Amino acid sequence: MTPLACPACDTRVRVRKASVTQTSIQWGPDAASTCAEFARRTAVEHRDITAPGCTALFSAIADAYADGSLPRID
Ligand SMILES: [Zn+2]
């Protein structure tokens with residue numbers, strides 16, 4: 001897992017990328033208190049707990065994967 005911080009809210013997560021479409025994100029215990037979007041999504045869309053998170057973090061993950069700083073791990 002590669003540590004990564006959300007550029008918008010500075011929530012720290014650990015990310016594992018197995019392919020372009022497959023991403024595992026391990027949220028810290030304080031994610032809901034540091035990331036407003038994460039808190040809102042988990043509150044509103046609590047049935048969809050497979051994809052909690054925030055847009056800024058998702059694009060940061062995509063960028064890190066594109067520039068090679070997030071290695072692909074099979
Ligand atoms: Zn965030």
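This short talk walks through the zinc site, the first hairpin and helix H3 of the structure shown above. Please keep in mind throughout that this is a predicted model.

Let me begin with the metal. Four cysteine sulfurs coordinate the zinc ion, namely the SG atoms of Cys-6, Cys-9, Cys-35 and Cys-54, at 2.2 to 2.7 Å. Along the chain these donors follow the spacing C-x2-C-x25-C-x18-C. The angles among the 4 donor atoms run from 85 to 169 degrees, and the site is square planar in this model. Two of the ligands, Cys-9 and Cys-54, link distant parts of the chain: Cys-9 sits in the loop between strand S1 (2-5) and strand S2 (12-17), whereas Cys-54 sits in the loop between helix H2 (36-44) and helix H3 (55-66), 45 residues apart. Are these two cysteines buried or exposed? Cys-9 is partly exposed, because its relative accessible area is 23%, while Cys-54 counts as buried, because its relative accessibility is 3% and the cut-off for buried is under 20%.

From Cys-9 we can turn to the strands on either side of its loop. S1 and S2 run antiparallel and are joined by 4 bridges, and together they form a hairpin with 6 residues between them, in whose turn Asp-10 has a positive phi of about 65 degrees. Within this pairing, Leu-4 stands opposite Val-13 in S2. In a regular strand the side chains alternate between the two faces of the sheet. S1 shows that alternation, with Thr-2 and Leu-4 pointing to one face and buried, and with Pro-3 and Ala-5 pointing to the other and not buried.

From Cys-54 we can turn to H3, the helix that follows its loop. H3 has 12 residues and reaches 16 Å from its first C-alpha to its last, close to the 16 Å expected at 1.5 Å a residue. Which residues of H3 are buried? They are Leu-57, Ala-60, Ile-61 and Ala-64, and, seen down the axis of H3, the buried residues fall within an arc of 100 degrees, so they line one face of the helix. An α-helix has 3.6 residues a turn, so residues three or four places apart point the same way. The cover over the buried residues of H3 includes S1, S2 and strand S3 (23-27), whereas the face turned away from the buried side carries the exposed residues Asp-63 and Ala-66. Just after H3, Gly-68 takes a positive phi of about 90 degrees.

Conventions. Residues are numbered from 1 along each chain as its sequence is written. This is a predicted model: local features need pLDDT of at least 70, side-chain atom pairs count only at pLDDT 80 or more; totals for chains, interfaces and linings use all residues. Side-chain values use heavy atoms; hydrogens and water are left out. Donors are N, O and S atoms within 2.8 Å of the metal (3.2 Å for Na, K and Ca); water is not among the atoms, so sites may look incomplete. Four donors count as tetrahedral if all angles lie between 85 and 135 degrees; four count as square planar and six as octahedral if opposite donors are over 155 degrees apart and all others between 65 and 115; anything else is irregular. Buried means under 20% relative accessible area, exposed over 50%, partly exposed in between (1.4 Å probe, protein chains only). The expected span of a helix is 1.5 Å times one less than its number of residues. The arc is that of the directions from the helix axis to the C-beta atoms. Contact means heavy atoms within 4.5 Å. Two strands pair if DSSP finds at least two bridges between them.
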